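Here are a few exercises for getting to know a structure you haven't met before. Try each task yourself, then read through the solution.

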Amino acid sequence: MPEGRGLRVAVLWSQFNEGVVEGLRAGAEAALLEMGVSAGDIAFASVPGAFELPLAAQVAAESGRFDAVVALGAVIRGDTDHYEYICREAAAGLAAVARETRVPVGFGLLTVHDEAQARARSAAGPDNKGAEAARAAVAMVTAVRKLKS
């Protein structure tokens, strides 16, 4: 498990599909604490939807206050093309933030076909994707630091 002691982490989450995203947020917080990140070093902020996650992640990353960012949200496929656009832009935007700022961004954005899939991936336990995103962000801090030294 990655070591998070001494790290400062921003956890951003989308308010859309709130019931599902709350499970991701709880999973991310539990994982960060388990890795040794101090509760006082975790900053939480919500945004309206998944489309807004990249801008919030960029602001957090560029602030110089955080070693990593964890972005959480859930986009559930509907009857229109809206799903495709939101998923594509949110994913590309979050990847761009990590590359451009060199601050690791944990990708905890669910892109699923139905609410049952979303609930399964946000439930408490070892398959929680919020926890996975938090662990990946912390692991990347270690990897980036190792590559720089």
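**Exercise 1: salt bridges**

Find out how many salt bridges a search of the whole structure turns up. Then look at the pairs R5 and E3, R25 and E29, and E115 and R119.

*Solution.* Keep in mind that this is a predicted model.

Step 1. The search of the whole structure gives eight salt bridges.

Step 2. Start with R5, which pairs with E3; their closest N and O atoms are 3.3 Å apart. That counts because the cut-off is 4 Å between such atoms. R5 is exposed, at 62% relative accessibility, while E3 is partly exposed at 43%.

Step 3. Move on to R25 and E29, whose side chains meet with an N to O distance of 2.7 Å. Both sit in helix α1, four residues apart, and that is about one turn of the helix. How covered are they? R25 has 15% relative accessibility, so it counts as buried, the limit being under 20%. E29, at 25%, counts as partly exposed.

Step 4. E115 and R119 form a salt bridge too, with the closest N and O atoms 2.8 Å apart. Because they are four residues apart in helix α4 (residues 115-122), about one helical turn separates them. E115 is partly exposed at 41% relative accessibility, and R119 is partly exposed with a relative accessible area of 41%.

Step 5. There's also a network: R8, D67 and R145 are joined by salt bridges that share partners.

Why would such pairs turn up at all? Side chains of opposite charge can pair when their charged atoms come close.

**Exercise 2: the sheet**

Work out in which order the four strands of the open sheet are arranged, and which strands are at its edges.

*Solution.*

Step 1. Take β1 and look to one side. Six bridges join β1 to β2 (residues 42-47), and these two strands run parallel. As a landmark, L12 stands opposite A45 in β2. Getting from β1 to β2, the chain passes through α1, and this β-α-β crossover is right-handed.

Step 2. Now turn to β3. Five bridges join β1 to β3, again running parallel. Here V9 stands opposite A68 in β3.

Step 3. Put the strands together: the order is β2-β1-β3-β4, with parallel pairing. β2 and β4 are the edge strands, since each pairs on one side only. On average, neighbouring strands are turned by 15° against each other, ignoring direction.

Step 4. Add the helices. α5 packs on the sheet, where it touches β3 and β4, and its direction makes about 150° with that of β3. α4 lies across β3 and β4 and runs at about 150° to β4.

**Exercise 3: the nonpolar cores**

Decide whether β1 is mostly covered or mostly open, and find which elements supply residues to the largest nonpolar core.

*Solution.*

Step 1. β1 is mostly covered, as five of its six residues are buried.

Step 2. Next, the core. The largest one has 25 residues, and V9, V11, L32, V70, L72, L110 and A134 have the most contacts inside it. At least two of its residues come from each of β1 (9-14), α1 (18-34), β3 (68-76), β4 (105-112) and α5 (129-148).

Step 3. Zoom in on V70. Leaving out residues up to four places away in sequence, V70 touches V9, A10, V11, L12, A28, G106, A133, A134 and A137.

Step 4. Don't stop there: a second, separate core has 22 residues, including A61, F66, V69 and V75.

As background, nonpolar side chains in soluble globular proteins tend to be buried together.

**Exercise 4: one glycine in a loop**

Locate G36, say whether G36 is buried or exposed, and check how far apart G36 and G49 are in space.

*Solution.*

Step 1. You'll find G36 in the loop between α1 and β2.

Step 2. G36 has a relative accessible area of 17%, so it is buried; the limit is under 20%.

Step 3. Which residues touch G36? Not counting residues up to four places away in sequence, they are G4, R5 and G6. You met R5 in the first exercise as the salt-bridge partner of E3.

Step 4. Finally, compare G36 with G49: they are 13 residues apart in sequence and, C-alpha to C-alpha, 29 Å apart in space.

Key:
Residues numbered from 1 in each chain as written. Predicted model: local features only at pLDDT ≥ 70, side-chain atom pairs only at ≥ 80, totals over all residues. Heavy atoms only, no water. Core = buried A, V, L, I, M, F, W, Y, C linked by side-chain atoms within 4.5 Å. Buried < 20%, exposed > 50% of the residue type's maximum accessible area, 1.4 Å probe, protein only. Contact = heavy atoms within 4.5 Å. Pairing = 2+ DSSP bridges. Right-handed = clockwise from strand over helix to strand, strands pointing away. Axes fitted to C-alpha atoms, helices over the stretch in contact; angles between N-to-C directions.
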